[in-house]
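Thank you all for coming; I would like to take a few minutes to walk through one model with you. Please have the structure open while I talk.

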Amino acid sequence: MSVLVYTESEKGKFKKNAFEVASYAFAVAKMMGTTVTAIAFNTTEGESLGEYGVSKVMNVKDGSLETFNAGAFSASIAEAVKSTEAKVVILSSSTDTKYLAPLLAAKLSAGYAPNVVQAPDSTSPFTVKRTAFSNKGFAHTQIDTDIKIVGVSNNAFGAQENKTAISIEEISGATDAATNDTKSVEIDKVVGKATIADADVVVSAGRGMKGPENWGMIEELADVLGAATACSKPVSDLGWRPHGEHVGQTGKPVASNLYIAIGISGAIQHLAGVSASKTKVVINNDPEAPFFKAADYGIVGDAFEVVPQLIEKLKDFKAQNG
Amino acid sequence: MKILVCISNVPDTTSKINFTDGDTKFDTNGVQFVINPNDEFGLTRAMWFKEKQGATVHIATVGDPTVEPTMRKALAIGADEAFRVNAEPTDGFFVAQQLAEVVKNGGYDLVIGGRESIDYNGGMVPGILATLTNMNFINSCINLEIDGNNVTAVREIDGGKEKLSSSLPLVVGGQKGLVEESDLRIPNMRGIMMARKKTLSVLEPVDGLKATEDKKFDKPAAKGQVKLADSVDQLIDLLHNEAKVI
């Protein structure tokens, strides 16, 4: 009756969120007086989950599952839920996991609460706090089904060390009984660069940049900080930046430690989408820009003067502080 | 091709969110309701299929009679016929079960819903619906082409995109990218007049699993005053020594 957590990996290596969801699963297991079992696909570093409270790893070893497939992955996770008789399943909030979660919920007739921001309010009844209304509010959602699925928000709970003795079992993948013949043809992905989903720092810019030709300094600032780049909705609608960079209510949510908004006035939809970020910094020449009311720190000034200075000073700072 | 677009009736993106009845309900007072933006991209893509490749487009919504103005708007944009399942859409699993009945009875080749609604953000209706109806499923879809029975789609992934092949029948969780913002349509007077004459059938709900209940809501804690830095040096100092984020 353990808690089952799906820990995502890529080319055998765990993603950052794997340790966060494992930590969350440990917190739930502790509340319920049980242990954590993880399921992973073709991982080469299962032992590392023992640092975060996982007692057992079921590693699906299957060459046909090197690439994510929502139908096949959800089928294997559903099998693991049955074999471990897990009552609670913990997932991340990555795009892939949000693809498989509803398939898993349907297979298990399980209630699913996504975007959960803290350990359960209670486990009997099972109630979790999650963001709703695109981060403009929170819902305390009670899951009434026998099996419960919890999707944990990115960077909300954090990875917490809980050294635990761990065993690893290799299992084979389950086949999806449904007629899911959806297949990956090609993956086009930026390599070696932080993504909005898992970056500690996000540098975002808006119409105040005046045109796409001025994004060089935004990218340079992001490089210095090891940050992902993002943009406001008008900027992606104008085609200045790709849609994948649009953050806000109808774009991607941001939950980074540091969010720097440059030349973004702060429409309510944008503020909602980035509100889960821990520290927000605004650079804008308009002191009346609404974003200043939602920010922690700010500089009132022209981005074309402030940003180049910030790049230089941060380079010096990084050189001194490693 | 027969297409069903699932539409959720949601507060306009500019809405201020408040709760009522001891923070157990969303306060709809003074709130303007619209077609869920993620669904509207799907509806517009469905219109393109209709105009370029030939298709019948139906819409379905789970909700009480107050959702009908939003459904009429979708009909005014060009959908042919509408189904309203007369039940409160309180839980994603329940909503998916209701829509699954509409899908089974309608024999649709393609079902498009939004990746998530912008109010309750469950993000589960299209995926559960696909499983219940034994259809293929593509989520966070940003490009969709159909040739005969063959589907080529692109979905968003963290840090990029993935091209997929699939086949009909298919359920899609859509979002911006299916069409662009500038492609969205505002109903014209002729469309609005025609929409009044189109069939909007009311169906009674089937028994379903109510998997979750939102017991209570709260709003984010009020934000403290912003600290304005006079110089870049001061900002870096604040971020390093006070916020400890660099």
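I will go from the contact between the chains to a helix of chain B, and then to an annotated site in chain A. Please keep in mind throughout that this is a predicted model.

Let me begin with the contact, to which chain A brings 76 residues and chain B brings 65 residues. On the side of chain A that touches chain B, the element that gives the most is helix α3, residues 95–108, with 10 residues, and that side as a whole divides into 33 nonpolar, 28 polar and 15 charged residues. Strand β18 of chain A, residues 297–300, also pairs with strand β15 of chain B, residues 227–228, in the parallel sense over 2 bridges, and there G298(A) has L228(B) as its bridge partner.

Turning to helix α3 of chain B, residues 92–106, 11 of its 15 residues are buried, so this helix is largely enclosed by the rest of the structure. Among the buried ones are F93(B), F94(B), Q97(B), Q98(B) and L99(B). Just after the helix, G107(B) takes a positive phi of about 60 degrees.

Finally, the annotated site: an unreviewed UniProt entry carries a "binding site" annotation that covers, among others, R207(A), S265(A) and N284(A). S265(A) sits in the loop between β16 and α6 of chain A and is partly exposed, with 19 other C-beta atoms within 10 Å, whereas N284(A), in strand β17, has 26 such neighbours inside 10 Å and therefore counts as buried. S265(A) and N284(A) are in contact with each other, and N284(A) also touches G208(A), G263(A) and V300(A), among others.

Technical notes: Residues are numbered from 1 along each chain as its sequence is written. Chains are lettered from A and ligands numbered from 1 in the order in which they are written. This is a predicted model: local features need pLDDT of at least 70, side-chain atom pairs count only at pLDDT 80 or more; totals for chains, interfaces and linings use all residues. Two residues are in contact if their C-beta atoms, placed from the backbone, lie within 7 Å. Helices (H or I, at least four residues) and strands (E, at least two) are DSSP runs, numbered from the N terminus. Ala, Val, Leu, Ile, Met, Phe, Trp, Tyr, Cys and Pro count as nonpolar, Asp, Glu, Lys and Arg as charged, and the others, Gly among them, as polar. Two strands pair if DSSP finds at least two bridges between them. A residue is buried if 20 or more other C-beta atoms lie within 10 Å of its own, exposed if 12 or fewer, and partly exposed in between; C-beta atoms are placed from the backbone. UniProt positions are given in the numbering used here, feature names are shortened, and annotations may be inferred rather than shown by experiment. Lists of a residue's contacts leave out its neighbours within four places in sequence.
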